[in-house]
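Subject: Handing over the structure

Dear colleague,

I am passing on to you the structure that I have been going through, and I would like you to look at it alongside these notes. Please open it first, and then read on at whatever pace suits you.

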Amino acid sequence: MKAIVRFMGLVCLLPCLMQAQNGNMYDFTVKTIDGEDFSLAELKGKKVMIVNVASKCGLTPQYEQLQSLYEKYRDTGFVIVGFPANNFGQQEPGTSEEIKAFCTLNYGVTFPMMQKISVKGDDMAPLYRWLTQKSENGKEDSEVTWNFQKFLIDENGNRVKSLPPKTLPLSEEIISWIEE
């Protein structure tokens, strides 16, 4: 009888455990900066750093380190995905074409850039809801505090951690994670 009660308890607990994480990054499709659909499932097997970016921010020079990091590790199964966002001080006011031109001309950006989205508030993009809400990602709650916040995603599409905007792309913490 005790075994049946324990079994029933586990059966009742299983749905709660399964809801701890509602999928992973591969469940999302986003738009590239050129307006094309891009399934994040295309990044299966790669470590991914998702960054909300802005062209008129004091942290904008991080684009240089982001590009350097991408060039160094892209052939080892690492990719950076940039999401322009205008949520902080209206520091990304441009169109997709203007943002793309700015990134290319000033920083030689070749890592994947997506269309401008909202990374906080009522109009937050679904991917960023997943990144920031434990009920969605199964890991932890976090808030996007400014431009250039970084989210690390493992090779299985699971959120690993969030890093503050001032964490430089070439920091030892990021490089160690890529190389592990």
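What follows is a description of the contacts and local features found in this structure.

Please keep in mind that this is a predicted model, and that every value below was computed from it.

Let me begin with the charged side chains, where the count comes to four salt bridges. One of them joins K31 and D37, whose closest N and O atoms are 2.8 Å apart. Of these two residues, K31 counts as partly exposed because its relative accessibility is 38%, whereas D37, with a relative accessible area of 54%, is exposed.

Another salt bridge is formed by E140 and R159, with 3.1 Å between the closest N and O atoms. Because E140 belongs to the loop between α5 (134-137) and β5 (150-153) while R159 belongs to strand β6 (residues 159-163), this pair ties together parts that are 19 residues apart in sequence. R159 has a relative accessible area of 4% and is therefore buried, while E140, at 32% relative accessibility, counts as partly exposed.

Strand β6 takes part in a further salt bridge, that of K161 with E173, in which the closest N and O atoms are 2.6 Å apart. Here K161 lies in strand β6 and E173 in helix α6 (residues 172-179), so the parts tied together are 12 residues apart in sequence. Both partners are partly exposed, K161 at 30% relative accessibility and E173 with a relative accessible area of 36%.

A charge also meets a ring in this model, since K47 lies over the face of W177, at 5.1 Å from the ring centre.

Turning to the aromatic rings, a pair of them is described by the distance of the centres and the angle of the planes. The count of aromatic pairs in this model comes to eight. In the pair of Y63 and F148, the ring centres are 5.5 Å apart and the planes stand at 90°, so the pair is edge-to-face. This pair links distant parts of the chain, with Y63 in helix α2 (residues 62-73) and F148 in the loop between α5 and β5, 85 residues apart. Y63 and F148 are both buried.

A second example, F88 with W146, is tilted, with 5.2 Å from centre to centre and 40° between the planes. This pair, too, links distant parts of the chain, given that F88 is in the loop between β4 (78-84) and α3 (96-107) and W146 in the loop between α5 and β5, 58 residues apart. F88 counts as buried because its relative accessibility is 5%, whereas W146, at 34%, counts as partly exposed. Returning to Y63 and F148, you will find that they form one aromatic cluster together with F102 and Y107.

Helix α3 deserves a look of its own. At 1.5 Å a residue, its 12 residues should span 16 Å, and the end C-alpha atoms are indeed 16 Å apart, which agrees. Which residues of α3 are buried? They are S96, I99 and C103. Seen down the axis of α3, the buried residues fall within an arc of 70°, so they line one face of the helix. These buried residues pack against α2 and β4, while the face turned away from the buried side of α3 carries the exposed residues E97 and L105. After α3 comes G108, which has a positive phi, near 60°.

Finally, there are backbone angles to check. Most residues other than glycine have a negative phi. Q90, which is not a glycine, nevertheless has a positive phi, near 50°, and F148 has a positive phi of about 70° although it is not a glycine either. Are these two residues buried or exposed? Q90, in the loop between β4 and α3, is exposed, because its relative accessible area is 55%. F148, found in the loop between α5 and β5, has a relative accessible area of 0% and is therefore buried.

With kind regards

Definitions and conventions. Residues numbered from 1 in each chain as written. Predicted model: local features only at pLDDT ≥ 70, side-chain atom pairs only at ≥ 80, totals over all residues. Heavy atoms only, no water. Buried < 20%, exposed > 50% of the residue type's maximum accessible area, 1.4 Å probe, protein only. Helix = DSSP H or I, 4+ residues; strand = E, 2+ residues; numbered from the N terminus. Phe/Tyr/Trp six-rings, centres within 6.5 Å; stacked < 30°, edge-to-face > 60°. Lys NZ or Arg CZ within 6 Å of the ring centre and 35° of its normal. Expected span 1.5 Å × (residues − 1). Arc of directions from axis to C-beta. Contact = heavy atoms within 4.5 Å.
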